[in-house]
Amino acid sequence: MRRFGALLLVACLSLGACGRPDVPASSGPSKGDARLQIVATTTVLADLVQRVAGDAVSVASLVPKGGEVHTFDPAPSDLTRVAAATLIVGNGLGLDEWLTDLAARAGARAQILHLGEDLAGVEYLAGEESGHAEESGHAGESSDSGHGSDDDHATNPHLWLDVAIARRYVARLAEALGAADPAGAAGYAARAAAYDARLSTLDTSIRTRFEALPEANRQIVSFHDAFPYFAAAYGLEIVGVVVAAPGQDPSAGEVAALIEAIRVSGARAILAEVQFNDRLARQIAEETGATVVADLYTDSLGDPPLDSYEAILEWDAARILEALGG
Ligand SMILES: [Zn+2]
């Protein structure tokens, strides 16, 4: 299946008519493209959109493959893409905060759909700026389990790394696409249902494999704070994070505290990601004997065959299980 997908991608690249989100062939919609134009902030979200929307819809990611969404600086060409969009898809919760300003500057007519916000029944977890809560013990923690509406940074935005929550994203997308394009609603619903069934199988498969891990092997450290929903879903315990937020290097004291936490907990793995330099993670690993898994995909897709949401979740799960001795 994957090989077939890669062949298709090569074929469509060589024809120069590729609608894939991670291959922005031009800075704006091509002339005469009558298809619905949708922009998403990341390649991961663009993939979810494309699965539901099908090939009759043009989907583009604003942050390129391997780019960094938290600190993204939109280019002038992004204004054109956002202005032309029928639907603008973001995650929300501070991940892609620049989107609101970008849409306003572009004079966008389309609504912004935030896939991660206000999902009923989802337990939202503490965010990057309120991370290290146990160590700092500051008074800012509220007992409110919903996300703070006055400060979105209080909630961690990486919900899609729990496949069960990604399924909620897909349901929301099917609804929004059907509203934006009523003539296509039945098609969107059918594709969403088929995709949801695959995601359900993936979720069960990952869960089953992590359930087999011994309790003593479940502690992890992550580079940036991308894994709390993954950990909650699949039974891991996050001992600490290397950087409080992307672009913020930890102080010597914070590094020392993290090394101590790894020693005390016996955490075996430091989860790093391809879009970040792993120098600091490797330094900490050397001090503690933990293993660095440096090639994980969280906020961005990778090159084929790791160019789909399903592929990166399967890849991440297998790599983490391997590092934890599963
Ligand atoms: Zn992130």
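This is a short walk through one chain, with its helix packing first and its backbone exceptions after that.

The model is predicted. The chain has 11 helices and eight strands. It runs to 326 residues, of which 43% are buried. If you take contacts between residues at least 6 apart in sequence, 63% of them join residues at least 24 apart.

I will start with a helix pair. Two packed helices are described by the angle between their axes and the distance between the axes. For helix α2, residues 43-53, and helix α7, residues 185-211, the axes come within 7 Å and cross at roughly 120 degrees. The two are therefore oblique to each other, since 65 to 115 degrees would be needed for roughly perpendicular and over 145 for roughly antiparallel. Which residues meet there? From α2 there are Arg 51, Val 52 and Ala 53, and from α7 there are Tyr 188, Arg 191, Ala 192 and Tyr 195. Sorted by type, this contact has five nonpolar residues, two charged and no polar.

Next, helix α11, residues 309-323. At 1.5 Å a residue, its 15 residues should span 21 Å, and the C-alpha atoms at its ends are 21 Å apart, so expectation and model agree. Its buried residues are Tyr 309, Ile 312, Leu 313, Asp 316, Ala 317 and Ile 320. Why do these sit on the same side of α11? Around the axis they cover an arc of only 130 degrees, which puts them there. The spacing has a general background: an α-helix has 3.6 residues a turn, so residues three or four places apart point the same way. The buried residues of α11 pack against α2 and α7, the pair from a moment ago, and also against α6 (163-180), β7 (269-273) and β8 (291-296). Just past the helix, Gly 325 has a positive phi of about 80 degrees.

Helix α4, residues 98-106, can be read in a similar way. Leu 99, Leu 102, Ala 103 and Ala 106 are its buried residues. Down the axis they fall within an arc of 95 degrees, so they line one face of α4. Asp 101 and Ala 104, on the other side, are exposed. The buried residues pack against α3 (76-84), β3 (87-90) and β4. Just after α4 comes Gly 107, with a positive phi of about 65 degrees.

In the loop from α4 to β4 (112-114) we find Arg 109. Arg 109 is exposed, because 12 other C-beta atoms lie within 10 Å and the cut-off for exposed is 12 or fewer. Its C-alpha is 7.8 Å from that of Ala 85, although the two are 24 residues apart in sequence.

Now the backbone exceptions. Most residues other than glycine have a negative phi, and most peptide bonds are trans. Leu 93 has a positive phi, near 60 degrees. Leu 93 belongs to the loop between β3 and α4, and is buried, with 24 other C-beta atoms within 10 Å. Asp 118 also has a positive phi, near 55 degrees. Asp 118 is in the loop between β4 and α5 (133-136). Is Asp 118 buried or partly exposed? With 13 other C-beta atoms within 10 Å, Asp 118 is partly exposed.

The last item is a peptide bond. Pro 304 and Pro 305 are joined by a cis bond, with omega about 5 degrees. Pro 305 lies in the loop between β8 and α11, which brings us back to the helix discussed earlier.

Definitions and conventions. Residues are numbered from 1 along each chain as its sequence is written. This is a predicted model: local features need pLDDT of at least 70, side-chain atom pairs count only at pLDDT 80 or more; totals for chains, interfaces and linings use all residues. Axes are lines fitted to C-alpha atoms, for helices over the stretch in contact, and angles run from 0 to 180 degrees between N-to-C directions. Helices (H or I, at least four residues) and strands (E, at least two) are DSSP runs, numbered from the N terminus. Angles under 35 degrees count as roughly parallel, over 145 as roughly antiparallel, 65 to 115 as roughly perpendicular and the rest as oblique. Two residues are in contact if their C-beta atoms, placed from the backbone, lie within 7 Å. Ala, Val, Leu, Ile, Met, Phe, Trp, Tyr, Cys and Pro count as nonpolar, Asp, Glu, Lys and Arg as charged, and the others, Gly among them, as polar. The expected span of a helix is 1.5 Å times one less than its number of residues. A residue is buried if 20 or more other C-beta atoms lie within 10 Å of its own, exposed if 12 or fewer, and partly exposed in between; C-beta atoms are placed from the backbone. The arc is that of the directions from the helix axis to the C-beta atoms.
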